[in-house]
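Below is a short briefing on one protein structure, grouped by topic. Please look at the sequence and the model before reading the points.

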Amino acid sequence: MLRSISSDGTSGSWERNAPASMARGARAMKMKSQATQVKTDAPASSSAGGKKRVYLLSEGNKDMKMVLGGKGANLCEMTKLTLPVPPAFIITTETCLEYFEEGTGDLPAALDYEFALKAIEEDTGKKFGDPLNPLLVSVRSGAPASMPGMMDTVLNLGLNDEIVEGIIKTTGNERFAYDTYRRFLNMYSDVVMDLDKEPFEEVITSIKKRKGIKLDLEMEAADWKEVVGEFKKLNPNVPSDPREQLRGAILAVFRSWNNDRAIRYRSYNNIPDEWGTAVSVQAMAYGNMNDGCGTGVAFSRNPSTGENKFFGEFLPNAAGEDVVAGIRTPQPLEEMATKWPGVYEELYKYQEQLEKYYCDMQDIEFTVENGRLYMLQCRNGKRTAKAAVKIAVDMVKEGALTEAEALLRIPANQMDFFLHPTLDPTAQKTKIGVGLPASPGAATGKIVFTPDDAEVMANMGEEVILVRKETTPEDIHGMKSAEGVLTALGGMTSHAAVVARGMGKCCVSGCTAAEVNAKNKVLKLGDVELKEHDVITIDGSTGEVYLGTVERRSAAEDEDFQTVLGWADKMRKLKVLTNADTPDQAAQARKLGAQGIGLCRSEHMFFEPERISSMRAMIVAEGKGERLQHLETLSVFQREDISGILKEMDGLPVTVRLLDPPLHEFLPHSPDEMQSLADTLGKPFSVVKDRVKQLKEVNPMLGFRGCRLSVVYPEITEMQARAVARAAAANKKAGLDPKPEIMVPVVSSAKELRLIVPRIVAAVKEELDKAGVDVKIPIGTMLELPRACETADQIVGTDDVDFISFGTNDLTQTVWGFSRDDAIRFIGRYQEQGLLDFDPFARIDEEGVGGLINMAIEKARTKQPETKVGICGEHGGEPNSVQYFHSSKFDYVSCSPFRVPIARISAGQAAAVEVSAQDKLYRESITNVKRAPK
Ligand code: PEP
Ligand code: MG
């Protein structure tokens, strides 16, 4: 269905642009105060109980998305701009919540939309339910944030056996009347009454077969009439009273807020369950009446490349749902310019006007009814990462946006596109098909034919390409799990294209030569027959499909992307450091703009096969003497790696964290491994086995790890401190500018630090004195346990503690009491049931974990205002979390190398929000807009 699945940049940009506090506020207020804040002069009948539940398009505006949904708010705005919008009314999101609260299964008792229906009747000169001059309406969902295709829509509502005759009389078009009626019966049975679609489709297929035709367009009036008769036999229970139909459809849209796919989509996209959906009831405009009608989707700029060129597709003599269903191939808009120059010109003017008005690329849905253009929707268009960056840079060059405004339009979480491989143009490849370049990037993987298979395989660590005839909202989890998506049907505005683009996932759609047999799990492309798990490569930038694996290479330098990063760097207050454990990673991160290392997990230096045996030997050592001996070997590895890292990060801070993981992670587990260690040590197998048993922990994550190792084995910490100091001294002597720091992990009390820090200071001093160099090596600690946060003042008050870095992985684990290793088993279920809006290990939980963090910062800064505050958990590269760290006045975030550019942009956006007053985003172009010619 065109309307229900179409793209919407609004959600992305709204989510992005809206301060997090707004989302929190909406949840807390459950929308109530927002709805009542809006002043209107609506009739009392629409506002029983002091609440206004129904808005005419003249009563709302674009800023009322929380109340009217994104679609409703923009319909109001277009009406205000005097664009030709079919008259409509919007039932508020709050009414949807009221429906769930009342729980009667019926519409809220206080909801009254009769006055609004009357207004539509007056506007159109038609009457709802009147066979002589019938008004038909669409009933659509519309949440504050876009949820493409997740909720329900019913079109052509208001028909019955008598009224269809009226349609024939008023339009003189019997074929159209019965086509419309069958569409209505089909949709109502499916959406409102939840009947299986299959038998309905079979009716049409069998008539087509009998007549030897393939296309809907070839069906005649009598055929559709026959279809209607059959549909009524399949479902005799569609109410014939139009008002009853309307009630049923509104209820179905409300209910669809809580269907499985909507819940899943919300949880993937961090959309709060408490928002609810608005419902728009709008006079139908028909694109399928005759050859003077049509329908289409247009973008004010190319959503794939960003090129500043009006772009889109249309289908003559078709209803909206036909475009997206991929049944017929839409024509490029240029052909519309030839066919209907006047309509094209008008549409061109509106897209220009809307883009200027919203200061953003617009995605427009329109219908042409007998040569008259109707605007059905406008919104900020979803776009590829490449297009987002190009559009932002172009709009700044055009003077349409300031740098701060443009930066806020960048979907930070899609910037992976610039950071990941594309196909190597020189690689050998065997092309087996070509489709549409729906979403750029390149992916190789084993083919799977169902979304569930994609999910299962991806969970097993396999890279897969999801191959479908076409995708539907039910496929989302599979698309998310897959490396790329290949579909046989669908244009550039099809579900697969729109959703993959939104996800920043590589997609080739409309590969019409592909014969997809999902049942037998076979894909045929010309002569090539592929089975499930055969490997293919797809290129979403060219639409090409290749056999097997094709060499890929790193993302090409993109000048526009560098420009955007430059804006972010100019604006941001947060420093962006990286988590890197090797010189290679450090070099990579520095290239990507890291301003140092905020976390070097020193234990990662011992995972190499030749090193792990020394580590194991040290752990199972039976006394200090033996341990020191192995520590000496480890010290050499450590010094070499740290030295290499310092060199790569010359002049920038490098925070080396003391050993953290539970020792048991290093222990040999299998008898073979134990035997091999026993052989290396020249000890009996039984001794090693007993020692391993002794060290085994029931709950290692809360066990012998972090600074607890320093407390029990001070010699380990001493070795590490010396290794850092020696590495620094060597670099200094080589004429470089090393800036190492030492960080103590898993601290729960200042007392631990009072014991450990002086040992570090002494060891460092001794080594530096010995080397005769002067390097300042600040010492800090991680706050990753609730107790450490509670006592942050004491911690920063400890002598020689210069900085704190929040370890939000462990902090999330310990605040929630969710094991970071095992919680994945239930977090999905929590999200599905609305207990969690997002995975707190991926995005910072501002309420709980964040509350503790803020308290700790306040305590720390009150005690020691100069204390440097950072974060080095995985949240350091997650856009929403970075915004939060900015607002909590962190000094830096530290994240994995490839997330550094994303963190830079997110940090820039956090600062840009402050510089760019939101209302500047909307220009005053409204004043010189003329009404569309009738
Ligand atoms: C943390 O806990 O957030 C952290 C960075 O440390 P690790 O993930 O190594 O436990
Ligand atoms: Mg940790």
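Glu-784 has a relative accessibility of 2% and therefore counts as buried, the limit being under 20%. The model is predicted. The points below begin with the metal site to which Glu-784 belongs, then turn to a helix pair and a sheet.

**Magnesium site**
- Glu-784 (OE) and Asp-810 (OD) are the protein donors of the magnesium ion (ligand 2), at 2.0 to 2.1 Å from it.
- Glu-784 sits in the loop between β30 (779-783) and α31 (786-790), while Asp-810 belongs to helix α33 (residues 808-816), so the two donors tie together parts that are 26 residues apart in sequence.
- Asp-810 has a relative accessible area of 5% and is buried.

**Helices α6 and α12**
- Helix α6 (residues 93-102) packs against helix α12 (residues 242-256) at an angle of about 85°, and their axes are 10 Å apart.
- Angles of 65 to 115 degrees count as roughly perpendicular, so α6 and α12 are roughly perpendicular to each other.
- On the α6 side the contact involves Thr-95, Cys-96, Tyr-99 and Phe-100, which meet Leu-251, Phe-254 and Arg-255 in α12.
- Sorted by class, this contact has 5 nonpolar, 1 polar and 1 charged residues.

**Sheet β20-β21-β22**
- An open sheet is formed by 3 strands in the order β20-β21-β22, with antiparallel pairing.
- β20 (514-517) and β22 (528-531) are the edge strands, each pairing on one side only.
- On average, neighbouring strands of this sheet are turned by 15° against each other, direction ignored.
- Strand β21 (residues 522-525) pairs with β22 over 4 bridges in the antiparallel sense.
- Leu-523 has Leu-530 in β22 as its bridge partner.

Key:
Residues numbered from 1 in each chain as written. Chains lettered and ligands numbered in written order. Predicted model: local features only at pLDDT ≥ 70, side-chain atom pairs only at ≥ 80, totals over all residues. Heavy atoms only, no water. Axes fitted to C-alpha atoms, helices over the stretch in contact; angles between N-to-C directions. Parallel < 35°, antiparallel > 145°, perpendicular 65-115°, else oblique. Contact = heavy atoms within 4.5 Å. Nonpolar A, V, L, I, M, F, W, Y, C, P; charged D, E, K, R; others polar. Donors = N, O, S within 2.8 Å, 3.2 Å for Na, K, Ca; no water. Buried < 20%, exposed > 50% of the residue type's maximum accessible area, 1.4 Å probe, protein only. Pairing = 2+ DSSP bridges.
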